[in-house]
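Me: Please take a close look at the surroundings of the ligand in this model, and then follow the structure outward from there. I would like one connected account.

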Amino acid sequence: MTQETPQWRPKLKDIADQEELFTSGQRLCAGCPAGSMARMAMHALPRPKNTIVSQATGCLEVASTIYPYTAWRVPWMHSLFENAPANASGIEAAYKARKRQGLEDDIPDLLVFSGDGSGFDIGVQAASGAIERRHNFLYIIYDNQAYQNTGIQRSGATPKYAWTTTSEVGKAVPGKPTWKKPIALVYAAHDPEYCATASVYHWRDFMMKVRKGMEKQGPAVIVVLAPCHRNWRYPEELGMKMAKLAVETCFNPLWEYDGETRTYTMSAPSMQFVKDPSKKKPIEEWLEPQGRFRHLFRPTRRDDLIQDFQNLVDEDWEFIKRLTEM
Ligand SMILES: Cc1ncc(C[n+]2csc(CCOP(=O)(O)OP(=O)(O)O)c2C)c(N)n1
Ligand SMILES: [Mg+2]
């Protein structure tokens, strides 16, 4: 057996000494974990000075690139919802052509960021095509479960019963009528080199996944849950706690797909709930602090809807458990 190089594990001390490639001074909301997510991702790059970012529109983009300022200390390209992975494909193709002509020695690493609006809905076509063409890029989708930057419209990532401005709560309808798309599985089914889910709370797990995804030669996708206090309506200092609870309730199971072996693996933070199912918290612990689910608890408690939500979470969890036990 060949000796594998040990997996990179970030240490806080080392990160503290590194240059910030996603800087402070951007205009994300106070407590918005999307900013922490971007910082962590940039600190996990294998070749920080040799990376190009292609970014779809969304909170992270509009808040970090208000003309004439930018929070990005790497070459960065604005993209549409529809084409962020396609832009990355084009950049890679252009560098390859220039290298063939002897104009470049190197092809930079490509990192794509988008929100769930692009990653779950409007940009799926471009992402699907870029993965199929086997471009060498990592696509990070930060999932805050709605189109937040334009005023909280529901997306394919919005869970059932959540309030948004386009999934209203009233006498006739209790929020969004349908469940969220299993988008990470949709991308994993494309058989990329690497695919994973992540949480902004489990910072080391997330950063190790970013490093892995960047180092793979070929397409990689990470879907990271990043709470949004404007829509989820929790006190703004509780973002990381909401992300942690999403993992503890198994609403956001953390797993990886390895394209080489074509296998799914449960990641360490979620593995504990497989080993000891009694540690899995009831979903209402995650739902109740969130104003977008207030109507499930007040003025009358809707046990039927809470139970339905729990059943959906349990079904997804059982499915992931079966996949990762293959
Ligand atoms: C095709 C298209 N439709 C609508 C818009 C307007 N728009 C810009 S950002 C945005 C919301 C982004 O949502 P998401 O991707 O989830 O990112 P978030 O703002 O939640 O971080 C919308 C609707 C657009 N730019 N392009
Ligand atoms: Mg969003």
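Reply: The shell around ligand 1 in this predicted model divides into six nonpolar, eleven polar and one charged residue. It holds 18 residues, and the closest are Gly58, Cys59, Gly115, Gly117 and Asn149. Three elements give two or more residues to this shell: α3 (59–64), β3 (109–115) and α5 (116–122). Of the elements, α5 gives the most, with four residues.

The next topic is the nonpolar core. The largest nonpolar core has 88 residues, and those that touch the most other members are Val112, Leu138, Ile140 and Val224. Leaving out residues up to four places away in sequence, Val112 touches Ser54, Ala84, Pro85, Ala88, Phe137, Leu138, Tyr139 and Ile140. As a general rule, nonpolar side chains tend to be buried together in soluble globular proteins.

Ala84, Pro85 and Ala88, which are among the contacts of Val112, also take part in the contact between two helices. Helix α4 (residues 84–100) packs against α6 at an angle of about 35°, and the two axes are 7 Å apart. On the α4 side the contact is made by Ala84, Pro85, Ala86, Ala88 and Ser89, and on the α6 side by Ala126, Ala127, Gly129 and Ala130. By class, this contact of α4 with α6 has seven nonpolar residues, two polar ones and no charged ones.

Ala130 belongs to helix α6 (residues 124–132). Ala130 counts as buried because 29 other C-beta atoms lie within 10 Å, where 20 or more are required. Apart from neighbours within four places in sequence, Ala130 is in contact with Pro85, Ala86, Ala88, Ser89, His135, Phe137 and Pro219. Pro219 is 89 residues away from Ala130 along the chain, yet their C-alpha atoms are separated by 7.6 Å.

Another part to consider is helix α10 (residues 239–248), which is largely enclosed by the rest of the structure because seven of its ten residues are buried. These are Gly239, Met242, Ala243, Leu245, Ala246, Val247 and Glu248. Their cover includes α2 (33–43), β5 (194–199), β6 (220–225), α9 (229–232), α11 (268–275) and α12 (284–287). Just after α10, Cys250 takes a positive phi of about 65°.

The loop between α9 and α10 contains Tyr234 and Arg233. Tyr234 is buried, since 20 other C-beta atoms lie within 10 Å. Not counting residues up to four places away in sequence, Tyr234 touches His229, Met242, Pro289 and Gln290; of these, Met242 is one of the buried residues of α10. The C-alpha atoms of Tyr234 and Arg292 are separated by 8.8 Å, with their positions 58 residues apart along the chain. Arg233, in contrast, is partly exposed, with 15 other C-beta atoms within 10 Å.

Some backbone details remain. Most residues other than glycine have a negative phi, and most peptide bonds are trans. Arg233 has a positive phi of about 55°, and Arg262 likewise has a positive phi of about 55°. Arg262 lies in the loop between β7 (255–258) and β8 (263–266) and counts as exposed because it has 10 C-beta neighbours inside 10 Å. The peptide bond from Tyr67 to Pro68 is cis, with omega near 10°, and Pro68 is in the loop between α3 and β2 (76–78). The bond from Arg298 to Pro299 is also cis, with omega near 0°; Pro299 is placed in the loop between α12 and α13 (303–324).

Conventions:
Residues numbered from 1 in each chain as written. Chains lettered and ligands numbered in written order. Predicted model: local features only at pLDDT ≥ 70, side-chain atom pairs only at ≥ 80, totals over all residues. Buried ≥ 20, exposed ≤ 12 C-beta atoms within 10 Å, placed from the backbone. Contact = placed C-beta atoms within 7 Å. Near = placed C-beta within 6 Å. Nonpolar A, V, L, I, M, F, W, Y, C, P; charged D, E, K, R; others polar. Core = buried A, V, L, I, M, F, W, Y, C linked by C-beta atoms within 7 Å. Axes fitted to C-alpha atoms, helices over the stretch in contact; angles between N-to-C directions.
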